[in-house]
Amino acid sequence: MTFAADLAPRGHAPDADVLAALRHALPAAAVATDVPLASLGRWGIGGPADIVVTPQSVDTLAAALAMIAAHDARHIVIGDGSNLLFDDAGFRGVVLRIGRGLGGIRRLDEATVEAGAGMWVPAFVRQVIDWGMAGAVHAIGIPGTLGGLVTMNGGSQRRGIGENVVHVDAIDHQGRMHRLTQEQLDYRYRASRLQRGDLIVVSAQLRFTPGDAREMRREALSILAARRAKFPRVRANCGSVFVSDPALYAQIGPPGLAIERAGLKGVAAGGAQISPDHANFIVNNGGARAEDVLQLIRLARRSVADLSGIAMDAEVRHLAPDGVMRPAHEVAELLGDRALPGAIA
């Protein structure tokens with residue numbers, strides 16, 4: 001899950017001075033150059049990033065952000081990149097990657113925990129279950145970091161983690177810390193004020209209710225088994241591509257069923273394919289490019305609109321080389337009709 005929102009370009013491409021400053025201020029292992037974005041996202045797609053910084057502490061993250069701001073360098077902050085489509089041309093900027101070094105969890109009392117943004121969501125849920133706290137089981141199968149989950153109000157079964165958030169500690173792009181309460185976070189379905197992109201989650205405090213750990217473990221196993229049965233597991237993918245729309249759901253059902261009804265299940269473009277297992281997933285069969293995925297997004301969106309009169313929105317975001325980020329369906333529409341003829345069944 002990404003921490004960024006739809007943004008205009010911020011700053012300029014990093015030069016040698018930016019790289020030198022980062023290497024001087026940060027541990028050597030925290031800074032890398034010319035990193036394939038395909039190695040940072042769950043789709044396995046994307047060209048090189050100029051610089052990638054992987055901070056192992058909040059202080060390192062703050063120092064990196066302050067340095068980047070001082071040089072007005074273009075940058076983006078990501079978690080596991082599970083809802084990002086990186087461009088084939090890469091990203092001319094600095095990628096700040098919130099990883100396991102900013103993870104960890106501690107129990108504050110019988111109902112409350114504090115956890116770092118880099119913690120893997122399934123590990124977070126398992127720990128909360130072990131402590132006999134109910135309310136997080138729905139998120140057990142979500143492949144991403146807690147920071148992304150909190151930012152996107154992620155979850156499943158029509159639930160979102162925002163209902164459990166007490167407050168979030170976040171850092172701005174100048175390296176200054178802020179605390180936001182649940183009310184200030186303005187949680188809505190799969191959305192929050194954190195998606196503006198001006199703040200980066202570093203930790204969250206969450207409150208749950210008492211529950212039976214054994215019963216919750218059984219529920220978690222049931223959810224995971226259901227996900228394994230219907231979601232593709234072998235081929236690289238980003239999870240659900242399109243957001244569920246209440247009007248579409250009432251008329252046909254969820255996006256995957258609507259795409260299947262449009263006759264597109266299994267359709268491929270280049271190395272990308274609308275999954276034969278679940279049509280709201282686009283998988284990388286090997287060598288897929290961002291344009292292949294965008295082509296299929298446009299085809300699915302237009303076909304379902306022809307069928308239902310409803311245009312689906314993508315929850316996936318596309319990152320352009322200049323740092324512009326927007327919903328993938330908007331970028332897909334910019335491809336024009338030249339994108340459609342290459343799709344094959």
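The following exchange asks how several descriptions of this predicted model are justified.

Author: This is a predicted model, in which local features need pLDDT of at least 70 and side-chain atom pairs count only at pLDDT 80 or more, while totals for chains, interfaces and linings use all residues. Residues are numbered from 1 along each chain as its sequence is written, and side-chain values use heavy atoms, with hydrogens and water left out.

Reader: What is the mean pLDDT of the protein chain, and where does pLDDT stay under 50?

Author: Taking pLDDT as the predictor's confidence in each residue, from 0 to 100, the chain has a mean of 91, and 93% of its residues reach 70 or more. The value stays under 50 over residues 1–7, for which the model has 46 contacts beyond four places in sequence, a contact being heavy atoms within 4.5 Å. Residues 339–345 are also below 50, and this stretch has 15 contacts beyond near neighbours in sequence.

Reader: Why are the buried residues of helix 1 said to lie on the same side?

Author: Helices are DSSP runs of H or I with at least four residues, strands are runs of E with at least two, and both are numbered from the N terminus. Buried means under 20% relative accessible area, exposed over 50%, and partly exposed in between, with a 1.4 Å probe and protein chains only. In helix 1 (residues 16–25), the buried residues are Val18, Leu19, Ala21 and Leu22. They cover an arc of only 165° around the axis, and therefore lie on the same side of helix 1; the arc is that of the directions from the helix axis to the C-beta atoms. On the other side of helix 1, Ala16, Asp17 and His24 are exposed.

Reader: Why is aspartate 34 called exposed, whereas aspartate 72 counts as partly exposed?

Author: Aspartate 34, in strand 1, has a relative accessible area of 55%, and is therefore exposed. Aspartate 72, in the loop between helix 2 and strand 3 (75–78), has 45% relative accessibility, so it counts as partly exposed. Phi is positive at about 50° in aspartate 34, which is not a glycine, and near 50° in aspartate 72. Most residues other than glycine have a negative phi.

Reader: What makes strand 13 and strand 14 edge strands?

Author: The open sheet of four strands has the order 13-16-15-14, with antiparallel pairing, where two strands pair if DSSP finds at least two bridges between them. Strand 13 (236–237) and strand 14 (268–269) each pair on one side only, as edge strands. Strand 13 is joined to strand 16 (residues 282–284) by two bridges, which meets the criterion of at least two.
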